Amino acid sequence: MKKLWILIPLIAVAVIGLFFWQQYQSETELPEGIISSNGRLELERFDIASLYPGRVEQILVEEGEDIEQDQILAKLSSTQSESQLMAAQAAEQRANQLVSQAQAGRQQGEQTVARAQAEVAARLEQQKVAKMELDNARQMHRENLVSTSELDKRQAAYNGAVSAVQAAKAAQAEALAALNRLDAQISEARAGVAQAKAQETAASDANDDMLIRSPKAGRVEYRIAKVGSVIAAGNKVVSVLDTEDAYMNIFLPNNQMSGLQVGDEARIILDGIDMVWPANISFIASEAQFTPKSVETKNEREKLMFKVRLKLPPETAKQYKGLLKGGMTGNGYVRNNTKVTWPENLTVKLNEPQQQQ
């Protein structure tokens with residue numbers, strides 16, 4: 001039994017030594033101008049939060065589930081948003097009623113204006129007849145064919161006709177003014193309808209936002225909120241991984257950084273997968289940092305290293321989203337001399353998606 005306890009640490013040391021010896025061998029076998037470092041595959045993460053407070057009614061996805069853009073992830077319930085929507089709908093209905101009432105009043109106003117115009121026309125005709133009779137009486141009075149009293153009578157009739165025309169025109173002006181006021185009421189009522197519709201749209205959008213949707217396709221990482229819990233505006237509900245944004249961070253010492261530029265080609269080989277993945281350098285740190293504990297280098301661990309991000313093409317990440325998972329270990333390869341040709345073992349090699357296991 002004691003011998004077994006002694007053998008276990010020795011076996012572990014041998015396995016670890018073999019691993020680093022293999023890594024050292026693989027690195028030393030690389031052509032000059034190509035460098036590598038180990039890392040882990042990562043998928044960009046984004047948290048989906050609620051715009052409004054509410055109670056979590058349902059969570060419709062499971063952790064690890066692939067989701068599509070605009071898919072409903074969770075449902076929140078809120079009496080506040082529902083009551084605001086109902087109030088906005090009622091306000092729009094009242095505004096529409098005001099428009100209908102104003103339009104009905106305008107129809108009556110148009111009829112009043114038409115009657116006033118007809119009255120003016122009739123009074124003008126009467127004035128015209130009275131003027132003709134007055135002119136005729138004046139001519140006959142000059143010829144002593146009618147008396148002065150008859151002339152005065154015709155004058156009074158003409159004056160009455162003129163007054164009647166003025167009264168009819170005043171009534172017509174009043175009817176037109178009333179019609180203009182009704183037009184203003186209709187415009188105001190229609191503005192009220194537009195405002196009520198805007199409020200209803202805002203309330204409807206707010207109520208619709210109680211359905212938590214994914215802004216893009218991806219994979220559910222965590223269900224953060226719990227069914228039945230009450231969350232505030234801005235609280236996270238679901239955490240999602242962007243399966244089209246896959247990358248690996250590697251760390252390189254200062255003496256290997258010369259010649260590296262953002263956009264340069266790179267390669268990624270993941271442990272346990274017989275494939276060589278294409279990648280590009282999407283980020284190079286401007287300052288060195290202490291090496292993470294997860295990174296092992298050829299000469300033990302360097303203290304200060306530069307982080308370099310190798311990103312897979314989005315279409316490749318999307319095509320192999322069922323195979324790629326965050327945390328997969330592997331090695332990233334870059335060229336600090338772009339004139340160097342990739343060796344055969346680093347030529348892009350991708351299996352057909354249906355062969356992914």
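**Chatting through the strands, cores and rings**

Q: Hi! How many bridges join β2 to strand β4?
A: Hi there! Strand β4 covers residues 72-77, and four bridges join β2 to it, with the two strands running antiparallel. As one example, the bridge partner of Arg55 is Ser77 in β4. Keep in mind that this is a predicted model.

Q: Ok, and what joins β2 to strand β7?
A: Two bridges do, and that pair runs antiparallel as well. Strand β7 takes in residues 230-231. If you want a spot to look at, find Gly54, which stands opposite Ile231 in β7.

Q: In what order do the strands of that open sheet come?
A: The order is β5-β4-β2-β7, so to picture it, read those four strands across an open sheet with antiparallel pairing. The strands at the edges are β5 (211-213) and β7. Each edge strand has a single partner, so one side of each is left without a neighbour in the sheet.

Q: How many bridges are there between β4 and β5?
A: Three bridges, again in the antiparallel sense. Ala74 is a handy marker here: the bridge partner of Ala74 in β5 is Ile212.

Q: Let's try a loop. Where does Ser50 lie?
A: Ser50 lies in the loop between β1 (34-49) and β2 (54-59).

Q: Is Ser50 buried or exposed?
A: Ser50 is buried, because the relative accessible area of Ser50 is 2%, and buried means under 20%.

Q: Which residues does Ser50 touch?
A: Leaving out residues up to four places away in sequence, Ser50 touches Leu76, Ile212, Ile231, Ala233, Gly234, Asn235 and Val237. You've met two of those names already: Ile231 stands opposite Gly54, and Ile212 is the bridge partner of Ala74.

Q: New topic, the helices. Which helix is Val113 in?
A: Val113 has its place in helix α2, which spans residues 79-142. Val113 is buried, with a relative accessible area of 7%.

Q: What does Val113 touch?
A: Not counting residues up to four places away in sequence, Val113 touches Ala175, Leu176 and Leu179. Take Leu176: Val113 and Leu176 are 63 residues apart in sequence, yet their C-alpha atoms are 6.1 Å apart in space.

Q: Cool. How do β9 and β10 pair?
A: They pair in the antiparallel sense over four bridges, with β9 at residues 265-270 and β10 at residues 277-284. One bridge joins Glu265 to Asn280 in β10. The two strands form a hairpin with six residues between them. In the turn, Gly272 has a positive phi of about 85 degrees.

Q: And what about β10 and β12?
A: Strand β12 (residues 304-311) pairs with β10 over four bridges, in the antiparallel sense. Asn280 turns up here too, standing opposite Lys311 in β12.

Q: Which residues touch the most other members in the largest nonpolar core?
A: Those are Leu270, Trp277, Leu310, Leu324 and Val334, out of 28 residues in the core. The elements giving two or more residues to this core are β1, β8 (236-252), β9, β10 and β12. Strand β8 gives the most, with five residues. Apart from this core lies another one of 17 residues, including Ile59, Val61, Ile212 and Val238.

Q: How many aromatic pairs are there?
A: The count comes to one. The pair is Trp277 with Tyr320, and the arrangement is edge-to-face: 5.2 Å centre to centre, with 85 degrees between the planes.

Q: Where do Trp277 and Tyr320 sit in the chain?
A: Trp277 is in strand β10, while Tyr320 is in the loop between α4 (314-319) and β13 (329-335). They are 43 residues apart, so to speak of distant parts of the chain being linked by this pair is fair. Trp277 counts as buried at 0% relative accessibility, and Tyr320 counts as buried at 3%.

Q: Zooming out, how many helices and strands does the protein have?
A: It has four helices and 13 strands. Of the 357 residues, 35% count as buried.

Q: Last one! What is the average pLDDT?
A: The average is 83, and 85% of the residues score at least 70. Over residues 18-28, pLDDT stays under 50, and the model has eight contacts beyond four places in sequence for that stretch.

Key: Residues numbered from 1 in each chain as written. Predicted model: local features only at pLDDT ≥ 70, side-chain atom pairs only at ≥ 80, totals over all residues. Heavy atoms only, no water. Pairing = 2+ DSSP bridges. Buried < 20%, exposed > 50% of the residue type's maximum accessible area, 1.4 Å probe, protein only. Contact = heavy atoms within 4.5 Å. pLDDT = per-residue confidence, 0-100. Core = buried A, V, L, I, M, F, W, Y, C linked by side-chain atoms within 4.5 Å. Phe/Tyr/Trp six-rings, centres within 6.5 Å; stacked < 30°, edge-to-face > 60°.
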